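Reader: Please take a close look at the strand pairing in this structure. I would also like the surroundings described as far as they can be.

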Amino acid sequence: MILRHIFSPPNNTRLGHLCGPTDAHLRSIEAALEVRIAHRHEQFKVDGPKAKAQRAMEMLQALYEMAAKPIPDEVVQLMLVGDGAPEPGEGPSLSTRRADLKPRSVNQALYLDNIAQYDITIGIGPAGTGKTYLAVAAAVDALHRSAVQRIVLTRPAVEAGERLGFLPGDLNQKVDPYLRPLYDALYDLMGFEQVQKAFERQALEIAPLAFMRGRTLNNAFVILDEAQNTTPEQMKMFLTRVGFGTKAVITGDVSQIDLPKAQLSGLIDAERTLRRVEGIAITRLTSADIVRHPLVARIVDAYDEARRLDEIAAAAAIGAQALPTLIEEVSPSRGGLPKTRAPTRRLAS
């Protein structure tokens, strides 16, 4: 289908912001929706499948309405992945420095609802689905409302498939690289100065998981990030730290486990063990909830499909190896039944 539209009254400034630098926004829409966009001044033409062409034209109209000033790339990307986004007002509103913070998908809204309702919430999903960011946002909101007295953020200090050796500096400097994603989320949601003040008054704590043993955390919002790299023993240790007035959120991606091959992930074990425990919510996020570049969702889907095919091939190989043994067990012996001799008659002498 080919759709044509003329933006009227024409405004060169808005048209420039709509298209982006060297038509970057148009190229992003083309790549994500698999359409072709041509334009001449205020006249636009979209060529592609009916549903996708209509969505592309709706996006162009929406971008034009907000094009009084330059449109950041991330706004375009978020609009492209917002296909299943809830209506404004769905999901809890969070008090953070980001006034525009809201769930971008139905699963994200469910995730935030579970965090608000349950004392322990487990969020499992691929990279880019907002597991950690939304959990930190909920923690910051709880701290601002005085629902908790402090925020405790932790994660296991496990390298992503590399051996970094002994890092220089004191203990804080050694563990900071592992905890950097948590710092980034805090700075974005609270601001650098507020984060520093929260550290000074001990309302904010970031520590490796090994430091949690032996503690009882009361009136706190505790987040365990990268939980796929915990062992079952570490996961049990963390979950039993929860005290009165405390909320705990566990996040992880079971497709990115950096533990030794023979080691069971504590996140997988916890999902299986705790799924029927009252007071614990488990939220599964998928590639449809990814709010990064559209290519990230395609990359995740490609790896998931490759892993599925590998599992099928491995199962087929195991079955082929077991087949000869199975045939041997159920088939009769080659010798058949033992031969019997007819009784001989003895003649009377």
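Author: Helices here are DSSP runs of H or I with at least four residues, strands are runs of E with at least two, and both are numbered from the N terminus. By that rule, helix H10 covers residues 266-274 and contains Ile 268. The model is a predicted one.

The pairing itself comes next. In general, the strands of a sheet pair through backbone hydrogen bonds, in either a parallel or an antiparallel sense. One sheet has 6 strands and is open, with parallel pairing and the order E6-E5-E7-E8-E4-E9. Its edges are strand E6, residues 204-208, and strand E9, residues 280-284; each has a single partner strand, so one side of each has no neighbour in the sheet. On average, neighbouring strands of this sheet are turned by 15° against each other, direction ignored.

At the E9 edge, the partner is strand E4, made of residues 120-124. These two strands run parallel and are joined by 5 bridges. One residue pair can be named: Ile 124 has Arg 284 of E9 as its bridge partner.

There is also an open sheet of 3 strands, paired antiparallel in the order E1-E3-E2. Strand E1, residues 2-6, and strand E2, residues 36-40, form its edges; since each has a single partner strand, one side of each is left without a neighbour in the sheet. Here the average turn between neighbouring strands is 15°, again with direction ignored. E2 is joined to strand E3, residues 43-47, by 5 bridges, and the two run antiparallel. Among the paired residues, Arg 36 has Asp 47 in E3 as its bridge partner.

Outside the sheets, two helices supply some surface detail. Ile 268, in helix H10, belongs to a nonpolar surface patch of about 190 Å² that also includes Ile 257 and Leu 264. Its relative accessible area is 31%. Patch residues need over 30%, and partly exposed covers the range between the buried limit of under 20% and the exposed limit of over 50%. Ile 268 therefore counts as partly exposed.

Helix H11 spans residues 294-330 and includes Glu 305. Glu 305 has a relative accessibility of 35%, so this residue is partly exposed as well. The side chain of Glu 305 makes a polar contact of 2.6 Å with the side chain of Arg 308.

How values were computed: Residues are numbered from 1 along each chain as its sequence is written. This is a predicted model: local features need pLDDT of at least 70, side-chain atom pairs count only at pLDDT 80 or more; totals for chains, interfaces and linings use all residues. Side-chain values use heavy atoms; hydrogens and water are left out. Patches are made of residues with over 30% relative accessible area and no salt bridge: like charges are joined within 9 Å, nonpolar side chains (Val, Leu, Ile, Met, Phe, Trp, Tyr) within 5 Å. Accessible areas come from the Shrake-Rupley method with a 1.4 Å probe; for residues, only the protein chains shown count as cover. A salt bridge is a side-chain nitrogen of Lys or Arg within 4 Å of a carboxyl oxygen of Asp or Glu. Buried means under 20% relative accessible area, exposed over 50%, partly exposed in between (1.4 Å probe, protein chains only). A polar contact is a pair of N or O atoms within 3.5 Å; within protein, one must be able to donate a hydrogen and the other to accept it, and residues adjacent in sequence count only if both atoms are side-chain atoms. Two strands pair if DSSP finds at least two bridges between them. Axes are lines fitted to C-alpha atoms, for helices over the stretch in contact, and angles run from 0 to 180 degrees between N-to-C directions.
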